[in-house]
Structure formats: C-alpha cells, structure tokens
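Subject: Structure handover

Hello,

Here is the structure for you to look through. My notes on what was found follow below it.

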Amino acid sequence: MLGRLRSVVLVTLVSACSAPPSSVDASLEDAGADAGTEDSGVADAGAVDGGQEDGGAPDSGALDAGPPADAGSWDAGSSLCPAPSGAGAPFRLRAAAANLTSGNCQSWNPGPGARILQGLAPDVVMIQEFNTYAKAPSLGCPDTDLADIPVLVERLFPDAGYSWARGATGRIPNGVLSRWPIVASGDWADPRVTDRDFTWAQVDLPGPRDLWVVSVHLLTSSASERTLEGNALKAQLDALVPRGDFLLVGGDFNTTNTNENVFSALEPRVVSGGEVPVDQRGNPGTNANRNKPYDQVLASPCLAASQVPVVIGAQSFDAGLVFDSRVYTPLADVAPVLATDSDAPNMQHMAVVKDFLVAP
C-alpha cells in the first residue's frame with residue numbers, strides 16, 4: 001500500500017494519432033432521466049451519438065501505436081498463466097467500475113459516489129467522468145481544476161494513499177485509481193468518440209506480474225458503434241499488453257444486454273461469459289432504472305481463474321456485486337454509505353465489484 005498519494009502524469013503515446021479535436025461535445029448522460037429505451041442499433045461511422053451520454057463524433061480512427069511490447073501469441077494451454085512465484089502470500093484484489101457522478105453538474109463533489117466507493121473499499125477502480133465537475137461552464141458549472149484531482153482522490157480514499165491516472169483529453173475523461181503503484185499510464189484512442197479515450201495504467205502488484213487496467217466509457221448510440229470501439233481496444237491490447245500479465249477492462253460499456261458483440265470483440269483478452277454480478281435481489285441492471293447491464297468489470301483468463309466471491313459482512317456474492325444503496329442491507333457494513341446515495345439526483349449508474357485472490 002502506498003504511504004502517500006502519487007499522481008501519474010498521463011501523456012498521449014503518439015500525439016499525431018490522438019490529437020484532440022478543436023471542440024468537444026459537452027453533453028452527458030443524465031441517469032436520473034433514463035427512460036429505459038434502447039439504442040437503435042443502426043451503425044453509422046459518421047453519426048453523432050444520439051443517446052443521453054454524449055454526442056461525440058468519430059475521429060480519424062487511427063490507433064495509438066504506443067511503446068513496443070512483447071504481447072506474445074495466444075496460447076490457451078497452461079503455459080499462458082505462469083505458475084505462482086511463491087514470492088508472497090495470496091492477497092485479495094477488489095476491482096470496481098464506477099460511473100457514479102451526480103448532481104446538476106455531474107460531479108463527484110456532492111458526496112454520494114464518494115461514499116459508495118469508500119464503503120466498498122476497492123483496491124482498483126475504473127472510474128468514468130473523472131472530474132470534479134463534468135458539465136461545461138457554459139451550463140453554469142465550474143470547470144475542473146487539475147489541482148483538485150488529487151484532493152478528490154484523497155477524499156475518495158482518505159485512509160490510504162492511492163495512485164491515480166487520468167485521461168489527458170476530453171471533457172469526461174476516464175481514469176484508474178490503484179492501491180498499488182502505477183508505473184506507467186496513458187490513453188489509447190477511442191476512434192468513435194472525441195471527448196474521452198481508453199485510459200490505461202500498468203499497476204505494480206506484489207510479486208513478479210503486473211496488472212494492466214483499462215477504463216472505458218463506450219457510446220450509447222448503437223451496439224454496432226460499441227463493437228467498433230471493442231475492436232479498436234482489442235487491437236491495442238494485442239499489440240501492447242503481454243498475455244501472461246493480469247488485465248482488467250472495466251467501466252461504462254452502455255450495453256443494453258450481455259450478448260452484444262462488443263464482448264465477443266474483446267475475447268479472448270478478457271472473459272465475459274458465465275454468471276454476472278447482481279445485487280441482493282438478483283438484479284444485474286446497473287443503470288439508474290436497473291434494467292440494463294451498462295457497467296462491467298472484465299478480467300483476462302489468468303486473472304478470471306482466480307475470481308472469488310465478494311464478501312461484505314455476512315453477505316457473499318459469488319459472481320460479484322452490483323451495489324445499489326436502496327436495496328443493500330445492512331448499510332452498516334458499507335459505512336459511510338447512505339440509503340439515498342444510489343438515488344441521488346442525476347446519479348449515473350450502480351457500482352460493480354469483483355474480487356480476485358491473487359497468488360504472487
């Protein structure tokens with residue numbers, strides 16, 4: 001665990017491939033007004049996202065080549081997952097997807113999203129809309145001061161120093177927070193949207209293997225657009241992330257069901273089949289209306305093999321937890337969460353949590 005808060009400066013790996021556009025669409029999803037309607041499913045590479053989330057138009061589609069890495073070739077055999085080194089005792093890794101801004105300015109400042117993360121105590125967070133205020137000053141909201149970000153992180157996790165990485169471009173950047181040191185980070189271009197990219201971080205876990213974490217926020221416009229985003233991310237993973245390292249891809253996928261092709265596009269780098277996280281009532285929905293599986297925490301095969309139930313107090317969730325403060329009991333086990341936090345005005349989504357028992 002880090003003894004102090006460290007910031008990790010994000011740099012664009014190849015600026016020519018991911019130069020920000022001259023203007024950014026500042027519109028955002030208003031989860032409080034979620035009507036439960038589905039995307040049309042019509043793909044158009046030049047179309048503006050008509051969903052609630054944003055109207056980002058596609059850029060050139062060029063992928064950021066990034067630094068060279070030996071990603072290896074896919075081998076489904078036992079050689080894919082190196083044997084534990086015996087360098088230390090197994091440890092729990094709790095990972096969370098967190099699109100939890102709320103209020104009129106889609107901010108982390110009102111407190112509900114911050115309390116939820118404090119109560120769930122994740123070790124690694126794939127965070128969306130990583131701003132103190134996400135909506136534009138033109139809408140009467142303050143602009144985000146980068147000096148406020150480390151203060152926000154310390155507020156999210158006041159009892160432990162967390163490393164963090166934040167997207168370098170766009171009004172609603174993605175981010176990664178980690179209990180362990182982040183040794184490298186950056187953005188990979190999302191070729192379908194202009195106001196955020198795929199933000200990645202390389203985390204120095206205890207033991208010889210690193211953990212790669214990618215925070216995503218896919219489009220609402222159509223399943224076809226999300227598949228194109230998945231193909232772009234898969235290409236980056238294949239080029240840059242070693243097969244034997246642990247990998248998490250998570251965040252707001254905006255998927256209307258768990259059979260969308262974006263999940264197939266990301267295979268076999270992450271496992272998406274099988275049981276899905278649910279709340280105490282068995283509901284897997286993560287949007288405000290609890291009828292769509294928007295948010296995901298997906299792990300590489302080596303890491304997925306070590307998944308264990310999420311245990312909080314006397315409660316155990318075999319496939320992971322969708323956390324809704326309106327239905328979770330007893331709330332004393334997730335203090336300081338309030339029963340009203342998941343129902344805060346314009347609260348985006350529910351948090352998703354998975355636990356892994358990692359053998360160094």
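Trp-164 counts as buried, because its relative accessibility is 9% and the cut-off for buried is under 20%. Please keep in mind that this is a predicted model. Trp-164 sits in strand S4. Its C-alpha atom is 7.7 Å from that of Val-153, and the two residues are 11 apart along the chain.

Val-153 leads to helix H2, which covers residues 148-156. The buried residues of H2 are Ile-149, Leu-152, Val-153 and Leu-156. Viewed down the helix axis, these buried residues of H2 fall within an arc of 100 degrees, so they line one face of the helix. Strand S4 (163-166) is part of what covers them, and so are helix H1 (112-120), strand S3 (124-127) and strand S5 (175-178).

Helix H1 is largely enclosed by the rest of the structure, because 7 of its 9 residues are buried. Those residues are Pro-112, Gly-113, Ala-114, Ile-116, Leu-117, Gly-119 and Leu-120. The cover over the buried residues of H1 includes H2 and S3, along with strand S2 (91-98), strand S12 (310-312), strand S14 (321-323) and S15. Just after H1 comes Ala-121, with a positive phi of about 50 degrees.

One residue in contact with H1 deserves its own entry. Ser-342 lies in the loop between S14 and S15. Is Ser-342 buried or exposed? Ser-342 is buried, because its relative accessible area is 4% and the cut-off is under 20%. Leaving out residues up to four places away in sequence, Ser-342 touches Ile-116, Phe-323, Asp-324, Ser-325, Arg-326, Met-347 and Met-350. Ile-116 is one of the buried residues of H1.

Phe-323, also on that contact list, brings in the aromatic residues. There are 8 aromatic pairs in the whole structure. One of them joins Phe-323 and Tyr-328: the ring centres are 5.3 Å apart, the planes make an angle of 45 degrees, and the pair is classed as tilted. Phe-323 and Tyr-328 are both buried. Elsewhere, Trp-188, Trp-200 and Trp-212 make up one aromatic cluster.

Next, the empty space. Rolling a probe the size of a water molecule over the atoms shows where such space is left.

The largest pocket holds about 210 Å³. Its lining has 17 residues, and those closest to the centre are Val-271, Ser-272, Gly-273, Glu-275 and Lys-354. Which strand gives the largest share of the lining of the largest pocket? The answer is S10, with 4 residues. S10 (295-299) and S15 (351-358) each supply at least two residues of this lining. By class, the lining of the largest pocket has 10 nonpolar, 5 polar and 2 charged residues.

There are also 3 cavities of 30 Å³ or more. Two of them are described here:

- The largest cavity has a volume of about 60 Å³. It is lined by Thr-258, Val-276, Pro-277, Pro-284, Thr-286, Pro-293, Asp-295, Gln-296, Val-322 and Val-352. Of these lining residues, 6 are nonpolar, 3 are polar and 1 is charged.
- The second largest cavity has a volume of about 40 Å³. Its lining consists of Pro-206, Pro-208, Arg-209, Phe-246, Val-358, Ala-359 and Pro-360. Here 6 residues are nonpolar, none is polar and 1 is charged.

Last, some totals for the chain. Its secondary structure comes to 5 helices and 15 strands. Of the 360 residues, 55% are buried. Among contacts with a separation of 6 or more, 74% are between residues 24 or more positions apart.

If you want a place to start in the viewer, try Trp-164 in S4, then H2 with its buried residues, then H1. After that, Ser-342 in the loop between S14 and S15 leads by contact to Phe-323, and from there to its aromatic partner Tyr-328.

Regards

Definitions and conventions:
Residues are numbered from 1 along each chain as its sequence is written. This is a predicted model: local features need pLDDT of at least 70, side-chain atom pairs count only at pLDDT 80 or more; totals for chains, interfaces and linings use all residues. Side-chain values use heavy atoms; hydrogens and water are left out. On a 1 Å grid over the protein atoms alone, a cavity is a set of points where a 1.4 Å probe fits but cannot get out, and a pocket is an open set with protein on both sides within 12 Å along at least five of seven lines; lining residues have an atom within 4 Å of a point. Grid points are joined across faces, edges and corners, and a volume is the space filled by probe spheres set on the points. Ala, Val, Leu, Ile, Met, Phe, Trp, Tyr, Cys and Pro count as nonpolar, Asp, Glu, Lys and Arg as charged, and the others, Gly among them, as polar. Buried means under 20% relative accessible area, exposed over 50%, partly exposed in between (1.4 Å probe, protein chains only). The arc is that of the directions from the helix axis to the C-beta atoms. Contact means heavy atoms within 4.5 Å. Rings of Phe, Tyr and Trp (its six-membered ring) pair if their centres lie within 6.5 Å; planes under 30 degrees apart count as stacked, over 60 as edge-to-face and the rest as tilted.
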